[in-house]
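Hi,

Here is the structure I said I would pass on to you. Have a look at it first, and then read my notes below.

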Amino acid sequence: MSWKKSEVLMDTIKHYSKFPPTGVSLRQMVQFGERPSTGTLFRASQFLSEELPIRLAHRVQELGDLPDGLNDMPSIKRVQDWYAQSFEEITQIPRPSLTQEVKERLLKPARGSDGKSSKVLSETTANPSIPKGKYKSQVNSNRDENGHDRKGGQAKRYYAATDDGQEWPPELGDFNTRFAQTLERIKRRHDSVVTTVAQGILEYKRKRQRMQIDTNIQAFLDRFYMSRIGIRMLIGQHIALTDQRTHSDLNYVGIICTKTNVHDLAQEAIENARFVCEDHYGLFDAPKVQLVCNPDIHFMYVPGHLSHMLFETLKNSLRAVVETHGQEKEDFPVTKVIVAEGKEDITIKVSDEGGGIPRSAIPLVWTYMYTTVDQTPNLDPDFNKSDFKAPMAGFGYGLPISRLYARYFGGDLKLISMEGYGTDVYLHLNRLSSSSEPLQ
């Protein structure tokens, strides 16, 4: 039986969409440690059960308000229904009935080994890569219908330590488990959102007979995909934290690796990109890639994000090299990946001799659905169910979404090209991980 949204649900979503989301930093996410207590996890579940509906509601509203008939495209309507259904599932999870004593324990800050209240690193700095309001939804408002200021999101806290050494009632553990199971179901439902929205844009372009999308739709896609990264980050982190209570890895807090090894991830991305290149062009040996990196560079990051950015960037470089020099060439120029460690950033430069990009086309590189491939492959929403696997090229999504991943935690992705020679892509990864998500 297919799911259908009701009028009551849409009214509730409209109400939630008037509240601002609360930004979270990588440092806050990593404070949970190797094995968070049941109480700490319950407080995080409470935060997410309020925060995720707000974020989902913003997306439902914005998908419904898209201009020029884009909101009527079948694929866009399908994605809107997914977000509305996920909103309904989260808001309808039954809450446990807690005694006053348990409520007081949950609100009491945990004590450190010295007997003092443990310090909560809840402060976040402004994200250095994002101009204020760039990824802010237009429906967002800090005032209610009467013009009064609402409580800001800062009153809510994602991480709140509640480990007082005593046992927690089983109701808390049951809720944590049910909540994590709901999040897993939601995460699976949204796996193919990127390809389905891309399908919706294709439907729109065909119907309107347009080659490129306008700046309003580009800005919407930036906001939408940045928000999606944030929602999936919070969901993935919470599922992993819940799993971590039974089996944990010393270097991981949820999906965040406290000692991400840049050399190993770069080497893996190189091998994957070369494999895809060989498979796509039928080459015996893809263009070589030289990695210049200290094998001991470690920092706190989400390995899945870094792998995605490196793979997409390298894939673009190898394609440019093969198509510029010809598939028959036996000895391709070497693409270089150079990693430098600074006090603020770890910077990765991918330097190729793939002929470069004309200066007039460089702004288009950051436009969704722009591609230099002659024919865009057909998009099937169930094509791969993942952001992290893709064909060699053709959707025009690799670089724009990689830049969003970089900017999410205060980094950036920049491109400098020499037409007639090659392109250098600079991936900046922010080491000062207290940068907030780009919400405010």
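How many bridges join strand 1 to strand 2? There are 2 of them, and the two strands run antiparallel, with strand 2 covering residues 256–261. Before I go on, a word on where this comes from: it is a predicted model, so local features need pLDDT of at least 70, side-chain atom pairs count only at pLDDT 80 or more, and totals for chains, interfaces and linings use all residues. Residues are numbered from 1 along each chain as its sequence is written, and side-chain values use heavy atoms, leaving out hydrogens and water.

**The overall picture**

The protein comes to 11 helices and 8 strands. These are DSSP runs numbered from the N terminus: helices are H or I with at least four residues, strands are E with at least two. Of the 440 residues, 55% count as buried. Buried means under 20% relative accessible area, exposed means over 50%, and partly exposed is in between (1.4 Å probe, protein chains only). If you take the contacts with a separation of 6 or more, 81% of them are between residues 24 or more positions apart. A contact here means heavy atoms within 4.5 Å.

**The small sheet**

Strands 1 and 2 belong to an open sheet of 3 strands, with the order 1-2-4 and antiparallel pairing. Two strands pair if DSSP finds at least two bridges between them. Strand 1 (252–253) and strand 4 (298–301) are at the edges with a single partner strand each, so one side of each has no neighbour in the sheet. If you want to find one of the bridges, look at Y252, whose partner in strand 2 is C257. Helix 9 (residues 262–281) lies across strand 2 and strand 4, at about 80 degrees to strand 2. For angles like this, axes are lines fitted to C-alpha atoms (for helices over the stretch in contact), and the angle between N-to-C directions runs from 0 to 180 degrees.

**The 5-strand sheet**

There is another open sheet, made of 5 strands in the order 3-5-6-8-7 with mixed pairing. Its edge strands are strand 3 (289–292) and strand 7 (412–418), each pairing on one side only. From one strand to the next, the twist averages 15 degrees.

Strand 5 (residues 335–341) and strand 6 (residues 345–351) are antiparallel and share 6 bridges, and a hairpin of 3 residues joins them. Among the bridge partners, A340 goes with T347 and V337 goes with V350. Helix 10 (residues 303–325) packs on this sheet and touches strand 3, strand 5, strand 6 and strand 8 (422–430), with its direction at about 175 degrees to that of strand 8. Helix 11 (residues 398–408) packs on the sheet too, touching strand 7 and strand 8 and making about 135 degrees with strand 7.

On its other pairing, strand 6 is joined to strand 8 by 7 bridges, again antiparallel, and I348 stands opposite L427 there. Strand 6 has 5 of its 7 residues buried, so the rest of the structure largely encloses it.

**The core**

Which residues have the most contacts inside the largest nonpolar core? They are V197, L221, Y225, L306 and Y397, in a core of 116 residues. A nonpolar core is a set of buried Ala, Val, Leu, Ile, Met, Phe, Trp, Tyr and Cys residues joined through side-chain atoms within 4.5 Å. Helix 8 (residues 215–244) gives the most to this core, with 13 residues. Domain 1 (7–114 + 159–253) and domain 2 (256–430) both contribute, so the core lies between them; the domain bounds come from an automatic or database assignment. Leaving aside neighbours within four places in sequence, Y397 has contacts that include V197, L221 and Y225.

**Helix 6 and two loop residues**

Helix 6 (residues 170–189) has 20 residues and reaches 29 Å from first C-alpha to last, close to the expected 28 Å. That expected span is 1.5 Å times one less than the number of residues. Its buried residues include L172, F175 and F179, and what covers the buried ones includes helix 3 (38–64), helix 4 (74–91) and helix 8.

Q166 is in the loop between helix 5 and helix 6, and is partly exposed at 46% relative accessibility. D68, in the loop between helix 3 and helix 4, has a positive phi of about 60 degrees although it is not a glycine. Most residues other than glycine have a negative phi.

Enjoy exploring!
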